[in-house]
Amino acid sequence: ISEITLALFEDSGWYKVNYYTGGLFRYGKNEGCAFIYNKCLTNGKSNFYNEFCDTKYEPFCTNGRLSKGLCYYSDYAQNLISDYQYFTQTNRGGLMLADYCPVSQVPNDKEMMFNWNCAMGKSNYPSELGETISDKSICFISSLRKKKSLISKSYTKKRTICHQIQCDYSTKSLYVQLNKVKYKCIDNKTISNIPGYEGSIQCPSFNNVCTSDVQCSDMLDCITKRSLPRMDTFTYYNTHYN
């Protein structure tokens, strides 16, 4: 839910809304007018790597970096209309609901809902890779692995993985935490030469992930933290629903 969606409800004249989710909307943030007027891909290459991918099954975080995922597109039975053709192969495209743009797809898990979610999922990696699932974690593209570890040596390719972050709004700096040590992330750069590790981790832009000084992981959490800062959650529900 974004401020744009809430404003749409309010403008209908049927609703009054509470803008408690202000700041959560990250799709296309800071991409400029080209994001509206240009195609997502040109000749099979993404024009906006925060939102759209171009290599099938390559590790790719969902928009907003809330979940791990994989780049997805397929070949359709018929050619797509010209407005939706982004590859030289004219029947190739991503999800229909995304105007056939290739985006991150989260694999289905029959055993657990939101398994790949960084806030409420579960880790699929050995502990040596340092993945942390928490309401302060986001998705990163990483090839980091511990040196001299027989287990992590098999993880040489890039992967999506969840790590905790810290946003410093005074200096507009983003930090990623690896095994209780914080490292400063420079916008869209990679961090390598981390003591005890091989490989690198790709940093997102500060403005793409640090959208509010009150972080929350889902709708209920946002309501609790942003709308009810001075009221106990238990008291709120007893007052309104009992």
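In this predicted model, cysteine 139 sits opposite cysteine 162 of strand E9. The pairing belongs to a run of 6 bridges that join strand E7 (residues 137–142) to E9 (residues 159–168), with the two strands antiparallel. E7 has another partner too: strand E14 (residues 201–202), again antiparallel, over 2 bridges. Here isoleucine 141 has glutamine 202 of E14 as its bridge partner. As for solvent, E7 doesn't see much of it: 6 of its 6 residues are buried, that is, under 20% relative accessible area.

Next comes the packing. In soluble globular proteins, nonpolar side chains tend to be buried together. The largest nonpolar core in the model counts 19 residues, and Phe140, Ile165, Leu174, Cys185 and Ile191 have the most contacts inside it. At least two residues of this core come from each of E7, E9, strand E10 (173–178) and helix H3 (206–209). A second core, separate from that one, is made up of 15 residues, among them Tyr73, Phe87, Cys101 and Val103.

Then there is the empty space. Rolling a probe the size of a water molecule over the atoms shows where such space is left. The second largest pocket comes out at a volume of about 350 Å³. Its lining takes in 20 residues, with Tyr49, Asn50, Phe60, Arg65 and Gln202 lying nearest the centre. Gln202 thus turns up twice, once as the bridge partner of isoleucine 141 and once in this pocket lining. Sorted by class, the lining is a mixed bag of 7 nonpolar, 7 polar and 6 charged residues.

Terms used:
Residues numbered from 1 in each chain as written. Predicted model: local features only at pLDDT ≥ 70, side-chain atom pairs only at ≥ 80, totals over all residues. Heavy atoms only, no water. 1 Å grid on protein atoms, 1.4 Å probe; cavity = no way out; pocket = protein on both sides within 12 Å on 5 of 7 lines; lining within 4 Å. Points joined across faces, edges and corners; volume = space filled by probe spheres on them. Nonpolar A, V, L, I, M, F, W, Y, C, P; charged D, E, K, R; others polar. Buried < 20%, exposed > 50% of the residue type's maximum accessible area, 1.4 Å probe, protein only. Helix = DSSP H or I, 4+ residues; strand = E, 2+ residues; numbered from the N terminus. Pairing = 2+ DSSP bridges. Core = buried A, V, L, I, M, F, W, Y, C linked by side-chain atoms within 4.5 Å.
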